[in-house]
Every structure is written in C-alpha cells, then in structure tokens.
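Biologist: I should like a close look at one part of the structure shown here, starting from a single position and its contacts. Please then relate that part to the rest of the chain.

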Amino acid sequence: MASSKRRRKQNSPLRRELNDLVRGICGGFLFGIPLLYTMEVWWIGSSVSPAQLAGVLLTTLLGTYLLSRTGGFRKSQATTEREALQDAVEAIALGILCSFTMLVVLRQVIFDTRLSGAIGKIIFESVPFSLGVALANQFLRNSDDSAGSDEEKGTVSTPSEQSAPRKVERLFPEDNLNETISDIGATLLGALIVAFSVAPTDEVTVLVAAIDGPWLLLTVLVSLLLSYSIVFQADFTRQEQRRLQQGLLQGPLSETVFSYLLSLMAAGLMLSFFGKLDLNAPVEIAFRQILILGLPATIGGAAGRLAV
C-alpha cells in the first residue's frame, strides 16, 4: 500500500516536472561551474555585439537540440522533433537562469553593471550551463530508467513479479565505517577533479574582493543546496540506494553538511598547495577564499559520491 502511494506520488505530473527541472539544473552546474570562474569570459561577454550574442544563442540552441535528441534532462526522452526543440529551448532557459543567479551571487552582475554588459556575461556564461542541462541524463543515468521505460512502453509485470520484494543493491560494503570512508574518498576526489583547475587562478582572489556579508552566506547556502539536490533530489543514478545507506553521518542532511565541510577542507588544501593562502593576511581573507572555492569543490564532491 505504502509503495503504491509512493509510486503515484512520484508519477504525478507536477512532481515529474519538478524532478526534471532539478535534474537539469544540477546537470548544468556539473558542466558549467568551471567556466563560471573565468575572468576572460566575463570580459568577452561585456564587450560583444548583439549580433554576436544572437549567434551564440543560435549555436547553443543547435547544440542543445542535438543533445536533447539523444539524452536531454527529462526522464522521458523526446520522441518527436517538436519535443526535442521544446526541451532545447527549456535547456537554454535553465542555463540562462543558472548563469544569471550565479553571476549575481558572485557579484559579477550588480545594479551598476551596464545592461548590455550584463546580458553579454549572462549569455556567454549560460552556454556551458545550457549544454550541461541537455547532458544531464548522460552524466549520471538513473538505475531505474530501464524500468521506467518499460512501463512507458506498456510492459506489464506479472503478479508474482509485482509481489516479489525488490532487492536494493548496496554500493559499499555492509560495514558502516567502510561506507563512510568510501564516501569521504569519493567526496575528496570529486572536489579535486572539479576545483583543482580553479584553485591556482586569480579569479578566486578577485571574487574575494567582491563578495562579502550576506553574499558570502548565500554562496554557502547555494553550495549546500546544490550538493543535496545532486545526490538526493535530482534522481540521478542510485539515488534510492544512497538514501538506504547505513554509514556514519549518512542521512541526507548530515551527509550534505559533512561532505560540505570535507569539500571546504579540500579547497583549503588546494589553495595552500598553489600558494594562494597568505599567512600574513587576515584570517578573514583566507576564510573567504576557501568558501568561494568551496562552491565548485562541493559540486565536484557531490558528483564524486554518485560516481563511485
């Protein structure tokens, strides 16, 4: 009874649409976050002409359309040209939304920014986000997708299959400590892969001068929200199994916070490795640097925990 209620809830159109949008946004961040920390893109976006921006949008539309034909961000893949085109347009819209939100949070688009410059930055930064949205299902495909597609095709399971208890495959050994150690390693590895190329650049230093007070707190909240969404809400691969894991600190909220702290530690180590932390500077400066680099590190750590 409980499982049937849950299935009906998951199959409700509104819930499916929300899950699809969350999956698309998470895919956008997985693909687009490194380019967000690139000053050259900020500068190019501030100086391009409207004709160039139109060309960028059309090129992105073509790319997202082709990706929507083979992958996309929705659980049900597009089956007609019209559906693929609609998904491509939605992917661009989500990419622009992600780009605009992060440029505002990182204080690269403010009230004093020229409108043309702001639009250029947003559109240029939205390209990798839009492609990431269209690639969401290719990044980490849900293990239940095959079952879902069988349902859509009209395949009906026998009563014995319906009544049989469903086995949940364990990702890690049954021992709680081993599961926790595996997650720690996956988080640190994912954080290194995504944030390592950002750590030695000057972008982090530039952003430290721009972000303070509530904007820094908002960066922390965005990091935590994305980490939770990627692992527990976007309906990527093995999401249900992760909720059933029994490792230490492996409830959704506790794991999200603990993994965020691990990602911050990884960010601090990377900044130290490249000599970006000045021991003679105020501690507040180093703290800001770690929190700012912690955003891509946290996204990488979340992807790492899903990929193991």
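Modeller: I begin with Gly 304, which touches Ala 186 and Gly 190 when residues up to four places away in sequence are set aside. The model is a predicted one, and what follows should be read in that light. Gly 304 belongs to helix H15, which covers residues 283–307. With a relative accessibility of 12%, Gly 304 lies under the 20% limit and therefore counts as buried. Its C-alpha is 7.9 Å from that of Leu 188, although 116 residues separate Gly 304 and Leu 188 in sequence.

How far may the prediction be trusted? The mean pLDDT of the protein is 81, and 79% of the residues score at least 70. Among the elements, helix H14 (residues 252–273) has the highest mean pLDDT, 93, whereas helix H9 (residues 159–163) has the lowest, 44. Over residues 145–174 pLDDT stays under 50, and the model has 26 contacts beyond four places in sequence for that stretch. Residues 1–6 also stay under 50, with one contact beyond four places in sequence.

Aromatic rings come next. Five aromatic pairs are found in a search of the whole structure. One of them joins Phe 29 and Phe 129, whose ring centres are 5.2 Å apart; their planes stand at 80 degrees, so this pair is edge-to-face. It connects distant parts of the chain, since Phe 29 sits in helix H2 (residues 13–36) and Phe 129 in helix H6 (residues 115–134), 100 residues apart. Phe 29 and Phe 129 are both buried.

An aromatic pair is also formed by Phe 273 and Phe 274, again edge-to-face, with 5.0 Å from centre to centre and 85 degrees between the planes. Phe 273 has 62% relative accessibility; this is over the 50% limit, so Phe 273 counts as exposed. Phe 274, at a relative accessible area of 30%, falls between the two limits and is therefore partly exposed. Together with Phe 196, Phe 273 and Phe 274 make up one aromatic cluster.

A charged side chain also meets an aromatic ring: Arg 107 lies over the face of Trp 215, 4.2 Å from the ring centre. Arg 107 follows helix H5 and has a positive phi, near 65 degrees. Helix H5 itself comprises 25 residues, numbered 81–105, and spans 36 Å from its first C-alpha to its last, close to the 36 Å expected at 1.5 Å a residue.

The cysteines complete the account. The structure holds zero disulfides. Cys 26 is in none, and the nearest cysteine sulfur, that of Cys 98, is 8.8 Å away. The cut-off for a disulfide is 2.5 Å between the sulfur atoms, so a separation of 8.8 Å does not qualify. The relation holds from the other side as well: Cys 98 has the sulfur of Cys 26 as its nearest cysteine sulfur, at 8.8 Å. Cys 26 has a relative accessible area of 1%, under the 20% limit, and is therefore buried. Cys 98, at 4%, is buried by that criterion too.

To return to the starting point, Gly 304 is a buried residue of helix H15, in contact with Ala 186 and Gly 190.

Methods. Residues are numbered from 1 along each chain as its sequence is written. Side-chain values use heavy atoms; hydrogens and water are left out. pLDDT is the predictor's confidence in each residue, from 0 to 100. Helices (H or I, at least four residues) and strands (E, at least two) are DSSP runs, numbered from the N terminus. Contact means heavy atoms within 4.5 Å. Rings of Phe, Tyr and Trp (its six-membered ring) pair if their centres lie within 6.5 Å; planes under 30 degrees apart count as stacked, over 60 as edge-to-face and the rest as tilted. Buried means under 20% relative accessible area, exposed over 50%, partly exposed in between (1.4 Å probe, protein chains only). A charge sits over a ring if NZ of Lys or CZ of Arg is within 6 Å of the ring centre and within 35 degrees of the ring normal. The expected span of a helix is 1.5 Å times one less than its number of residues.
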